[in-house]
Amino acid sequence: MTEEPKPIAGNPEAYEGDYRPSAVSPAHTQVRIEPLSTEFLIRLADALNTTLDLNTLLRRTADLVRAVIDYRIFAILLVNDRTKDLRMRFQIGHTPEIERMRIKIGQGIVGRVAQERHAILIQDVSQAENYINANPDVRSELAVPLIVKNRLIGVIDIQSEQPNYFSPEHQRLLTLTASRVGQAIENARLYTRVARQAQTLEVLNEISRELTSILDVDALLERVGQLLRRIIDFQMFSVWLVNERDKVLENRYAVRFGERFYPGEKIPLDRGLVGAAIQDRQAVHVSDVRKDKRYHMINPETRSEMAVPLIYKGKVIGVLDIEHTRSHYFNEDHERALSTLAAQIAISIENAQLYQRVMQQEQRLERDLAMAREVQLRLLPPVKPQHEHAEFSARFVPARTIGGDLYDFLPYDANRSAIALGDVSGKAAPAALYAALVSGIMRSAANQNLSPSEMLEELNESLQERKVDSQYVAMVYALWNDDNRTLQIANAGAVQPLICRSGEVDTVHAEGFPLGMFPGVKYEEFSLATQPGDSLIFFSDGIVDAQNAAGDMFGDERLRNVVTKNHQKPASKIADAILAEVGKFQGGRERFDDETVLVLKVL
């Protein structure tokens, strides 16, 4: 007995089930199918026009087809534009193994439909030629092509475990469905592609902004891998950088299935797909590495690989490489995005490497400066002269790690000691080295017991023999005689010392050309008689030129006031008071110049 068709809910004239010509008369069939077709197409149009999400679209299509054709096995296969085969995009009733099948054009019922571009209804698949027996329980099959603007994009395929299950009416309905669904699928794919491109551009823009702020190469490459995954779902990612000295590629960063990977092998610049990317200076995209002779295996699971050279100012500095275990996985959008990103990555890597080189150089320089400071401090006099009628004190604060100021106490005999205070032109290491040179010459000449003017002339001639462009030193040189409490002074362009007597401060007027500027210079020498309680203040220009936040200088007047206020104190307390007031005036501001103070207190 033939089972009576069941009416579709809401439509007493439409029925579902197996429509066979033998079950009803032709006239009756015409009456029942047309209202069904109209209702079905209206519902189909509503379903297709209300979504641009491809997954939602395919699911709705499957649900609507089921409403008029009671299938158990359903699939929509789409053509892969790169491999030109058919792959299931949506399915119901198939096993995972069948879902992963790749069907070539012309192969099986579905492949024939794609090749011949018309529907095929098979009532008994066991009698069909070229049938792919993926499911041994299947007996009948109906497949119709999806064609858009005369271009095949896929196939709708339904199967049954009963022979003679599908009717010509089913074929007509499925063909009508395909004619509407094809364009909807194309629209959804176009929307998906545009949305993906917009997302890719957004991510690329974000990557570009973020990478410029990362100056550590390892952190940079790790972040590149993290951000790149947002636009390309790779499984293996690596960055190879060119070692110019050894002419090899060295792996700087690699990730394999989400875990850090450390390839130990160094690759010659002409080996493998990464080598090909360097030689060709363009992206190398291989859909199946097993078929490419250039492939050099690092990851045995790899099937798809894309290598893009990193080029900076016309020079290849490395290769960006991504891999996947699926063949034909990467597409033109991936290649375009990776090529665009590679240019920014190359710049960021070069900047990060440059920054690291600068940091390394700075660290070496810091170590060198620390050593130079240690040497400079050791060049300063370890002890102060000891005399019955004089007390000496010295304070030195360099503007940087090392400075260009120098001072020294040179013993002549039991009753005489020389005081030298110099200020070398320039700052930091060059000034410190020149100061060391001057100090060495001066100490060598000290055993000659030269007068202040003779010492300055000796220093000037010695520096003329060792001429250094743009380098000179301003120096005041004084000789203390403890027997008669006198001070002989000569000045070679240094700041004029101060003398404080009974709280009154005056300038010791001594002048002359800086050392090392002109040959044959003669220097005047002055003799200054002192008395107990007098204080002589020798200082570099860093004291009076010190500035506060407003740009005001400490100046001579403030210095005089500090000396007057502290004139009854010992030499060390006077020196401390001067530096304390200068520091307070600067308010924590970075020093502009070295600050040196020497104090001679007459007892």
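Is Phe 518 buried, partly exposed or exposed, and at what relative accessibility? Phe 518 has 40% relative accessibility, so it counts as partly exposed (buried is under 20% relative accessible area, exposed over 50%, partly exposed in between, with a 1.4 Å probe and protein chains only).

A word on the model: it is predicted, with local features needing pLDDT of at least 70 and side-chain atom pairs pLDDT 80 or more, while totals for chains, interfaces and linings use all residues. Residues are numbered from 1 along each chain as its sequence is written, and side-chain values use heavy atoms, leaving out hydrogens and water.

Now to the sheet. Five strands, in the order S16-S25-S24-S21-S22, make an open sheet with antiparallel pairing (strands are DSSP runs of E, at least two residues, and helices runs of H or I, at least four, numbered from the N terminus; two strands pair if DSSP finds at least two bridges between them). Strands S16 (390–397) and S22 (504–507) stand at the edges with a single partner strand each, so one side of each lacks a neighbour in the sheet. From one strand to the next, the twist averages 20°. S21 (residues 498–501) and S22 pair over 4 bridges, and Leu 498 stands opposite Thr 507 in S22.

Two helices contact these strands (heavy atoms within 4.5 Å); angles run from 0 to 180 degrees between N-to-C directions, with axes fitted to C-alpha atoms, for helices over the stretch in contact.

| Helix | Strands | Angle |
|---|---|---|
| H12 (residues 555–565) | S21, S22, S24 | about 135° with S22 |
| H13 (residues 571–586) | S16, S24, S25 | about 150° to S25 |

Phe 518 itself sits in the loop between S22 and S23 (526–529).
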